[in-house]
Amino acid sequence: MKKLDPPYPYAYFEGKVTKLEKAKIPITVKAFQYGQAIFAGIKGYYEPVSQTVNVFRLQDHYNRMLDAVKIIPFKWNMSYAEFKKIITNLTKKNQVKTNCYYRPNVYSADPTIVPTFTRANDQMSIYMQPLGEYLDTSKGIKVMVSSWLRTPDNSISVKAKVTGLYVNSSLAKYEATNNGYDDAILMNPDGSVCEGSGANIFMVKNKVLYTPPLEANNLAGITRRSILHLAQNELGFETQERKFDRSQLYASDELFFTGTAAQVSWIKSVDQRLIGNGKLGPMTRKIKDLFFNIVQGRDQKYASWLTPIRVSK
Ligand code: PMP
């Protein structure tokens, strides 16, 4: 696995921007004891000429956090304007000069012992991390079908990015990397394909682009939605949100993950079976090129997907 750079030195914590090392919570809080926190992962693409960080689909991430606090009953009603202001201030304070990743959390800082949601001391924090490539998007990744099944939505909501839920992803990623793979594909209890440990999955078969529907225990990925939109509206591909199973994975023509950190990461093999001819497939290539053009601010038509933050004064 690639080593990541250390986080940026300033974070948002308990209502203000502070040094990251001061952003500490007591061991008693429910966020630590019971995994009572939700998170977002937001990517900023740094453009060195104008010294601007272009944040990808910021409002969509905020909206998904609002959905999450409806599902997981946290008291968090910050406006989008306030959220955007904090992201902007933090970016400037950290003097960001790399592609980066924002990690907001809404969490329970209540220290009482009963495992319920008290809504007594819910807080938001944000820290930032330099982030280039999370998975190698250039040479194709090797994945395995995990022996761990995805936690179904009727056990813990998979739509809310609950920190505690990510033990499921961690088990799958740990198993995969210990076996020499880059990542894992998690299956659903019904035998259908769910997603990666931290990314949605797409499959191409006979020129049709498939991805599991949102009823398949997966996250409603913002990249997933962006790729479906681009495939349909810009590339003219036939797309279907439909369940598929393990055998269809092995026999697919092209396979790739999508996500804020994963971006568009194409899959070279699953369980050591080559996908297609083991090379970047033509439909994935088109999707990947278009996606990177947009996030790097080279496609005016999709400028509204980016929130520019000028780092220098
Ligand atoms: N599935 C899971 C389990 C994830 O953690 C992520 C990353 N947030 C995704 C899918 C991709 O979602 P998005 O495109 O919104 O980052």
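The following questions and answers examine a predicted model of a protein, from its overall dimensions down to individual residues.

Q: How many helices and how many strands does the protein have?
A: The secondary structure of this predicted model is mixed, holding both helices and strands. The count comes to seven helices and 17 strands.

Q: What radius of gyration does the protein have, and what would a compact globule with 313 residues have?
A: Along its principal axes the C-alpha trace spans about 50 × 50 × 35 Å. For 313 residues a compact globule would have a radius of gyration near 20 Å, and the protein agrees with this expectation because its own radius of gyration is 19 Å.

Q: What percentage of the 313 residues in the protein is buried, and what percentage of the accessible surface belongs to carbon and sulfur atoms?
A: A residue counts as buried when its relative accessible area is under 20%, and residues of this kind make up 53% of the 313 in the protein. The accessible surface comes to about 14600 Å², and the part of it that belongs to carbon and sulfur atoms is 52%.

Q: Among contacts between residues at least 6 apart in sequence, what percentage joins residues at least 24 apart?
A: The contacts considered here are those in the protein between residues at least 6 apart in sequence. Of these, the share joining residues at least 24 apart is 71%.

Q: How many Å apart are the mean positions of the positive and negative charges of the protein?
A: The protein carries 42 positive and 27 negative charges, and a mean position can be taken for each set. The distance between the two mean positions is 6 Å.

Q: What span should helix α2 have, and which of its residues are buried?
A: Helix α2 covers residues 58-71, and its 14 residues should span 20 Å at 1.5 Å a residue, which agrees with end C-alpha atoms that are 20 Å apart. The buried residues of α2 are Leu58, Asp60, His61, Tyr62, Arg64, Met65, Ala68 and Val69.

Q: How far does helix α5 reach from its first C-alpha to its last, and which of its residues are buried?
A: Helix α5, residues 222-233, has twelve residues and reaches 16 Å, close to the 16 Å expected at 1.5 Å a residue. Its buried residues are Ile222, Thr223, Arg224, Ser226, Ile227, Leu228, Leu230 and Ala231.

Q: Is Thr258 buried or exposed, and which residues does Thr258 touch?
A: Thr258 is found in strand β14, residues 254-259, and counts as buried because its relative accessibility is 0%. Not counting residues up to four places away in sequence, Thr258 touches Ala199, Asn200, Phe202, Thr223, Arg224, Ile227 and Gln263.

Q: Where does Gly44 lie, and how far in space is Gly44 from Pro73?
A: Gly44 lies in strand β4, residues 42-47, and is buried, with a relative accessible area of 0%. Leaving aside neighbours within four places in sequence, Gly44 is in contact with Val53, Asn54, Val55, Asn99, Cys100 and Tyr102. Pro73 is 29 residues apart from Gly44 in sequence, and the C-alpha to C-alpha distance between Gly44 and Pro73 is 28 Å.

Q: Which residues are in contact with Asn54, leaving aside its neighbours within four places in sequence?
A: The place of Asn54 is in strand β5, residues 52-56, and at 12% relative accessibility Asn54 counts as buried. Its contacts are Lys43, Gly44, Tyr45, Glu47, Leu306, Thr307 and Pro308.

Q: Is Pro7 buried or partly exposed, and which residues is Pro7 in contact with?
A: Pro7 is found in the segment before β1, and at 35% relative accessibility Pro7 counts as partly exposed. Leaving aside neighbours within four places in sequence, Pro7 is in contact with Leu20, Tyr127, Met128, Gln129 and Pro130.

Q: What phi does Asn217 have, and what phi does Glu14 have?
A: Asn217, in the loop between β12 and α5, counts as buried at 12% relative accessibility, whereas Glu14, in the loop between β1 and β2, counts as partly exposed at 47%. Neither residue is a glycine, yet the phi of Asn217 is positive at about 65°, and that of Glu14 is positive at about 45°.

Technical notes:
Residues are numbered from 1 along each chain as its sequence is written. This is a predicted model: local features need pLDDT of at least 70, side-chain atom pairs count only at pLDDT 80 or more; totals for chains, interfaces and linings use all residues. Side-chain values use heavy atoms; hydrogens and water are left out. Helices (H or I, at least four residues) and strands (E, at least two) are DSSP runs, numbered from the N terminus. The radius of gyration is taken over C-alpha atoms; the globule rule is 2.2 Å times the number of residues to the power 0.38. Buried means under 20% relative accessible area, exposed over 50%, partly exposed in between (1.4 Å probe, protein chains only). Contact means heavy atoms within 4.5 Å. Accessible areas come from the Shrake-Rupley method with a 1.4 Å probe; for residues, only the protein chains shown count as cover. Lys and Arg count as positive and Asp and Glu as negative; His and the chain ends are not counted. The place of a charge is taken as NZ of Lys, CZ of Arg, CG of Asp or CD of Glu. The expected span of a helix is 1.5 Å times one less than its number of residues.
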